[in-house]
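Student: I've got a new model to look at and I'd like to learn how to read it piece by piece. Can you walk me through it?

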Amino acid sequence: MKKTIAILIVLNSINIFSQTLKTYDGNYKNGHAKYTYYENDELERIFNGDFDFKYTSSLGLSTILGHYNKNQKVGEWVYYYNSRGESIKINGSYSKNAKVGTWKVVQASDNNNQTYLSTLVFNENDTITGKIEFPKLKGQFDKSGKFTGNWNVTDGNSEFIAEFSNNILTKLINRQIDDGKIISKYTLLLDSIRLNPKKFIKASYSLKSGATKDLATLFNINDGSINSIGLFFNLIYENLDTYNRIFNFLDINIVVKDPELIYTRVQKTEDLVKGAGIEVVENDSNIYNTAGIDVKPEFPGGMEKFYKFIGQNFKVPKEEGLKGKVFVTFIIEKDGSLSDIKVFRDIGYGTGKEAIRVLSISPKWSPGEMNGKKIRVLYSVPISIQSTD
């Protein structure tokens, strides 16, 4: 009996020794961290206790404060991001590494006057739900993270007023703020879709890519509406991405579901009953969109080569801090040449004219095809600009 007790005492002593908390205070992932931990039998480090991480870059100072329980985040965590005179505080709770409840974002200026930005609510998949309010962006998501209700986005003197139903864009008005002049309108007739569902197709718009080429899936609406929809979605992407980059750096990975669009299905003349496909006739001068065609147009070597061509030929204005995107549309003709090059948003300083100049000297593309015939195709791309000065 005495031997058994002695063995138990020794084993318990070893277990206590192996989980003795230690403190690390030094370099950690390009920054500096102080945290407590213990080592398991295989000498693996197990985070257990308070965690304090600081990272200093050319943009400013970032801090993460939280608590671990056996390598799992628990309790309240606070993330600070300080950059160029502004600080952002993000705080919320974890339970066994999973975010729970409400996560808040607060922005403060140099004089410590705090401006409430938004309450972000995450579900179990890290998807934002509920209302979201940023300085230039207001909207809401339903419980599953789908776009819903009214949205408002501003960009300089331009305002976008939109409505969503179950993640589908149903209305968009683009108007000038100073005089209220309407630039374009887009309205989706949901009643018509319910009555004739086979005439319509639903497609997602990728916010992450920030590319307007997905709008080529829209048929039978005017160019002004296409341009406004593309700009509207790209502004949503830019506003959310500003904070998403911060969240990603601070070990937070939020998810925003892609919105959806509905467009009219174009029918073959010999297959009107089935209601599928696209009609292509001899000497066709119609302009098609990339969705639904057999062969999509392609720049020689692919899109990576296309953007390399842009980078090599685009003359960026020598303006300090100049950064943004130029959005352009053009038609790829049957012989692969580009025509009708239009700019529907630039960042000034002649960037729109320069985009037109560069695209006008583009090598010929491989043209699009439908039913074995070459066709004219509408294409849209964003061009990212950043001054080196």
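Tutor: Sure. Keep in mind that this is a predicted model. Let's begin with helix H4, residues 303-313, where Phe306, Phe309 and Ile310 are buried.

Student: Where do the buried residues of H4 fall when you look down its axis?

Tutor: They fall within an arc of 100°, so they line one face of the helix. The general idea is that an α-helix has 3.6 residues a turn, so residues three or four places apart point the same way.

Student: Which exposed residues sit on the face of H4 turned away from the buried side?

Tutor: Glu304, Gly311 and Gln312 are the exposed residues carried there.

Student: And what covers the buried residues of H4?

Tutor: The cover includes helix H5 (351-360) and strand S21 (373-386). We'll meet both again.

Student: Let's do charges next. How many salt bridges are there?

Tutor: To call one, you look for a side-chain nitrogen of Lys or Arg within 4 Å of a carboxyl oxygen of Asp or Glu. By that rule the count is seven. One of them sits in H5: Arg357 pairs with Glu354, with the closest N and O atoms 2.6 Å apart.

Student: Why are Arg357 and Glu354 separated by about one helical turn?

Tutor: Because they are three residues apart in helix H5.

Student: Is Glu354 buried or exposed?

Tutor: The cut-off for buried is under 20% relative accessible area. Glu354 has 11% relative accessibility, so it counts as buried. Arg357, at 32%, counts as partly exposed.

Student: What about a salt bridge between strands?

Tutor: Take Glu159 and Arg175, whose side chains meet at 2.9 Å, N to O. This pair links distant parts of the chain, with Glu159 in strand S12 (residues 158-165) and Arg175 in strand S13 (residues 168-176), 16 residues apart. Read the accessibility as before: Glu159 counts as buried at 13%, while Arg175 is partly exposed at 31%.

Student: And which residue does Asp52 meet in a salt bridge?

Tutor: Lys54, at 3.0 Å from N to O. Here Asp52 is partly exposed, with a relative accessible area of 26%, and Lys54 is partly exposed too, at 39% relative accessibility.

Student: Now strands. How do I read a pairing?

Tutor: Ask about direction, bridges and what joins the two strands. Strands S9 (residues 128-134) and S10 (residues 137-141) pair in the antiparallel sense over five bridges. One example is Glu133, whose bridge partner in S10 is Lys138. S9 and S10 form a hairpin, with two residues between them.

Student: Why is strand S18 described as largely enclosed by the rest of the structure?

Tutor: Because eight of the ten residues of S18 (residues 323-332) are buried.

Student: Which strands does S18 pair with?

Tutor: Here's S21 again: ten bridges join S18 to S21, and the two run antiparallel. Gly324, for instance, has Ile385 as its bridge partner in S21. S18 is also joined to strand S19 (residues 338-345) by five bridges, again running antiparallel. In that pairing Thr329 stands opposite Lys342 of S19.

Student: How many residues lie between S18 and S19 in their hairpin?

Tutor: Five, and Gly336 in the turn has a positive phi of about 90°.

Student: So how does S21 tie back to where we started?

Tutor: S21 is among the elements covering the buried residues of H4, and ten bridges join it to S18.

Terms used
Residues are numbered from 1 along each chain as its sequence is written. This is a predicted model: local features need pLDDT of at least 70, side-chain atom pairs count only at pLDDT 80 or more; totals for chains, interfaces and linings use all residues. Side-chain values use heavy atoms; hydrogens and water are left out. Buried means under 20% relative accessible area, exposed over 50%, partly exposed in between (1.4 Å probe, protein chains only). Helices (H or I, at least four residues) and strands (E, at least two) are DSSP runs, numbered from the N terminus. The arc is that of the directions from the helix axis to the C-beta atoms. Contact means heavy atoms within 4.5 Å. Two strands pair if DSSP finds at least two bridges between them.
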